[in-house]
Amino acid sequence: MKKELIRLVDCTMAFDGEIVLNAINLTIHNKEFLTLLGPSGCGKTTTLRIIGGFETPTSGSVLFDGVRINEVPPHKRRVNTVFQKYALFPHLNVFENVAFGLRIPQSVPVTEGGKTRQKKVRLQEAEIGQRVQDALELVGLKGYHRRRVHQLSGGQQQRVAIARAIVNRPQVLLLDEPLGALDLKLRKEMQHELKEIQQQVGITFVYVTHDQEEALTMSDTVVVMNQGNIQQIGTPVDIYNEPVNAFVADFIGESNIIQGVMHRDNDVSFAGKRFLCVDSGFDPDQPVDVVIRPEDVRLTAPKDGQLRGTVNSVTFKGVFYEIYVDVGELEWMVHSTAAPKVGDEVGLCLTPEDIHVMDRPDLFPEGAEALTIEDIDPEPDFEDKYVDEEPPEAEL
Ligand SMILES: Nc1ncnc2c1ncn2[C@@H]1O[C@H](COP(=O)(O)OP(=O)(O)O)[C@@H](O)[C@H]1O
Ligand SMILES: [Mg+2]
């Protein structure tokens with residue numbers, strides 16, 4: 001098990017009384033590649049800025065190696081950041097851009113006569129040269145040290161930004177959508193390279209993206225966020241195969257999300273039929289969300305299907321066809337290597353393992369006001385909150 005490095009404990013962030021992070025708890029381990037994933041505005045950058053020391057949480061603690069660092073300024077944390085806009089110095093060449101942070105005198109603790117004090121030290125020029133060369137080699141820019149920033153492509157500028165961030169050997173690198181400005185092909189190349197760089201330098205990466213494929217490709221751990229809340233933390237495989245709720249299922253890959261009723265363990269109804277499933281532990285006849293991945297639906301002859309439908313559209317996607325099938329009131333998405341024709345009658349088959357039954361949380365009921373600071377009651381009391389009105393009922 002990897003060692004714990006950073007921990008956020010009940011971290012809440014409010015701007016002008018409006019909560020944008022809602023008491024999140026998160027543990028980041030040493031040498032982990034952890035990705036914060038979620039739609040725009042869900043609080044990813046704010047979380048990163050709290051870890052980096054650019055924001056202090058309204059309440060809660062930030063721990064580094066078990067020590068509370070809420071008040072420690074960014075330059076005193078063993079953390080470096082690659083921002084969304086990489087902000088290289090245009091008047092400096094590649095070498096000087098990367099060397100910049102190394103030329104700033106560093107405070108190091110020195111112990112003399114039993115007393116520890118901070119002493120400013122400057123690196124020798126030879127040491128700076130060596131470190132810059134090593135960093136440039138690591139990001140695949142060996143030999144580019146004399147180039148001007150404006151002579152570089154977008155991908156090369158991004159590499160310089162990464163070299164600049166790793167050159168002073170932080171323990172943690174924070175990356176905020178660093179590949180956002182690159183075109184798709186380059187982005188894919190850089191995804192693999194970043195992962196390699198992380199493994200070679202052996203430091204912790206906390207990476208922010210709204211791109212689920214990017215998160216699944218690169219990460220050891222994915223943290224799915226929505227509206228200031230952490231929805232799920234897990235490996236890419238866990239998150240993909242066992243999403244905890246319909247939001248995660250929908251955000252990670254494509255899914256058919258169907259409302260159903262869980263009668264008892266392994267027995268669920270949806271789309272007007274009863275199915276065997278592998279889930280258990282729900283209340284009797286509990287309303288649930290049923291999530292089915294398009295690649296898990298098998299197309300058959302109509303008479304062999306558990307469900308029947310009519311093909312609505314067929315789109316070639318390179319490796320598979322994306323097929324929409326009308327099944328009663330619902331339209332299902334199916335991925336298949338076989339291509340039926342629009343208007344064909346087809347059968348749909350599911351195995352119990354492909355049916356994912358989930359609680360249906362009513363986290364953000366329609367018409368609900370945004371959370372405000374008053375909502376974080378230190379001792380929340382359900383009765384008090386709804387004193388004038390009936391508690392809202394879960395929608396069926
Ligand atoms: N300095 C700020 N002042 C006011 N609101 C902010 C500030 N920073 C972020 N926000 C708000 O907090 C929410 C989360 O923002 P952010 O963390 O940047 O989301 P993400 O990076 O996931 O897109 C957004 O609604 C944003 O407008
Ligand atoms: Mg952001």
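This passage describes two sets of paired strands and the surroundings of ligand 1 in a predicted model.

Near the start of the numbering, four strands form an open sheet in the order β2-β1-β4-β5, and their pairing is antiparallel. Strands β2 (18–29) and β5 (67–68) stand at the edges of this sheet and have a single partner strand each, so that one side of each is left without a neighbour in the sheet. The partner of β2 is strand β1, which spans residues 4–15 and pairs with β2 in the antiparallel sense over eight bridges; within this pairing, Glu 4 stands opposite His 29 in β2.

Ligand 1 is surrounded by Phe 15, Val 20, Gly 38, Ser 40, Gly 41, Cys 42, Gly 43, Lys 44, Thr 45 and Thr 46. When these residues are sorted by class, the shell around ligand 1 is found to hold six polar, three nonpolar and one charged residues. The element that gives the most to this shell is helix α1 (residues 44–52), which supplies three residues.

A further group of pairings involves strand β18 (residues 307–316), which is joined by four bridges to strand β21 (residues 345–349), the two running antiparallel. In this pairing, Arg 308 stands opposite Gly 347 in β21. Strand β18 is also joined to strand β19 (residues 321–327) by six bridges, again with an antiparallel course, and Thr 310 has Asp 326 in β19 as its bridge partner. Strands β18 and β19 form a hairpin in which four residues lie between the two strands, and Gly 318, located in the turn, has a positive phi of about 105°.

Technical notes. Residues are numbered from 1 along each chain as its sequence is written. Chains are lettered from A and ligands numbered from 1 in the order in which they are written. This is a predicted model: local features need pLDDT of at least 70, side-chain atom pairs count only at pLDDT 80 or more; totals for chains, interfaces and linings use all residues. Two strands pair if DSSP finds at least two bridges between them. A residue is near a molecule or strand if its C-beta atom, placed from the backbone, lies within 6 Å of it. Ala, Val, Leu, Ile, Met, Phe, Trp, Tyr, Cys and Pro count as nonpolar, Asp, Glu, Lys and Arg as charged, and the others, Gly among them, as polar.
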